[in-house]
Amino acid sequence: MSAVAVAEGKNISAAVSAKARPTPLLQDPHAVRDTPEKVLEVALGHEVRAFRKKLGITVADLAAMTNISLGMLSKIENGITSPSLTTLQSLSRALGVPLTAFFRRFEEERNAVFVKANEGVDVERRGTRAGHQYNLLGHIGSNTAGVVVEPYLITLSEDSDVFPMFQHEGMEFLYMLEGEVVYRHGNNLYRMTPGDSLFFDADAPHGPEELTTLPIRYLSIISYPQGSGSE
């Protein structure tokens, strides 16, 4: 059997669904956050736990250093109870951080980026010189999720013998809007037409292999951990 398989869009769905079926989706997209008071407790608990782990000490160690009971510390770290200022002061001294450090996550601004039609930012990527246009639709850098997401609208309007291959950290999702392209991921080729999608580990070599019907437009959404970067 050849190592390279060309998969038609209509034939991919059955294989994808068979592989994906055992993995349940754990996040409820319609869930609503708790009240602001509860969010503050969770944020405080998260910071206390993070600073404790950074020092490499256990909850029992921190309890001995602060004279706070093990049960109370557990409730604080899990966001179940709201600690008093006296308790926070004891924790800040034991952990060697300013009192305000515990409120950092709660006070962090949550950003949003709105881009009007045709107002994305054209960026230079490895395929630009081959007649490929990369339009960045939004970008948020540092955030509470710890993940950077880059959404692109990619347009391939000129036939070319140059097909750049990409390889970078993170995951990538493609959604076909117009035209037809044969897209490579590792040793596999996927013939994509409007409505088709491809979701893959971006650490494998990937990129357009054959520009079948021009112009070609598709969304490319790349995600990777903060502190790293994509090509």
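Hi everyone. Let me start with strand S8, which gives the most to the lining of the largest cavity, with four residues. One thing to keep in mind while you look at the structure: this is a predicted model.

So, what is this cavity like? The structure holds one cavity of 30 Å³ or more, and the volume of the largest cavity is about 60 Å³. Strand S5, residues 171–185, and strand S8, residues 206–225, are the elements that contribute two or more residues to its lining. In total, 12 residues line the cavity. If you want to find the place on your screen, look for Ile154, Phe166, Glu172, Tyr183 and Tyr218, since these lie nearest the cavity's centre. And what is the lining made of, by residue class? There are seven nonpolar residues, three polar ones and two charged ones.

Let's stay with S5 and S8 for a moment, and turn to salt bridges. How many salt bridges does the structure hold? The count is six. One of them joins the side chains of Arg184 and Glu209, with N to O at 2.9 Å. Arg184 sits in strand S5 and Glu209 in strand S8, so this pair ties together parts of the chain that are 25 residues apart in sequence. Is Arg184 buried or exposed? Arg184 is buried, with a relative accessible area of 15%. Its partner Glu209 comes out at 29% relative accessibility and counts as partly exposed.

S5 takes part in another salt bridge, this time through Glu180, which pairs with Arg191. Here the closest N and O atoms are 3.2 Å apart. Arg191 belongs to strand S6, residues 188–192, and Glu180 to strand S5, so the pair ties together parts 11 residues apart in sequence. Now look at the accessibility values for these two. Glu180 has a relative accessible area of 18%, and Arg191 has 21%. Why do they get different labels? Because the cut-off for buried is under 20%, Glu180 is called buried and Arg191 partly exposed.

Next, the helices. Arg52 and Glu77 meet through their side chains in a salt bridge, 2.6 Å from N to O. This pair links distant parts of the chain: Arg52 is in helix H2, residues 36–55, while Glu77 is in helix H4, residues 70–77, and they are 25 residues apart. Both ends are hidden away, as Arg52 is buried and Glu77 is buried too. There is a further member to add, because Arg49, Arg52 and Glu77 are linked in a network of salt bridges.

Glu77 also brings us to H4 itself. Which residues of H4 are buried? They are Leu73, Ile76 and Glu77. These residues cover an arc of only 95° around the axis, which puts them on the same side of H4. After H4 comes Gly79, with a positive phi near 70°.

Helix H3, residues 59–66, can be read in a similar way. Its buried residues are Leu62, Ala63 and Thr66. Looking down the axis of H3, you see them fall within an arc of 105°, so they line one face of the helix. H3 is followed by Asn67, whose phi is positive, near 60°.

To bring it back to the strands: S5 and S8 both help line the cavity, and the Arg184 and Glu209 pair ties S5 to S8. On the helix side, Arg52 and Glu77 link H2 with H4. Thanks for listening!

Methods:
Residues are numbered from 1 along each chain as its sequence is written. This is a predicted model: local features need pLDDT of at least 70, side-chain atom pairs count only at pLDDT 80 or more; totals for chains, interfaces and linings use all residues. Side-chain values use heavy atoms; hydrogens and water are left out. On a 1 Å grid over the protein atoms alone, a cavity is a set of points where a 1.4 Å probe fits but cannot get out, and a pocket is an open set with protein on both sides within 12 Å along at least five of seven lines; lining residues have an atom within 4 Å of a point. Grid points are joined across faces, edges and corners, and a volume is the space filled by probe spheres set on the points. Ala, Val, Leu, Ile, Met, Phe, Trp, Tyr, Cys and Pro count as nonpolar, Asp, Glu, Lys and Arg as charged, and the others, Gly among them, as polar. A salt bridge is a side-chain nitrogen of Lys or Arg within 4 Å of a carboxyl oxygen of Asp or Glu. Buried means under 20% relative accessible area, exposed over 50%, partly exposed in between (1.4 Å probe, protein chains only). The arc is that of the directions from the helix axis to the C-beta atoms.
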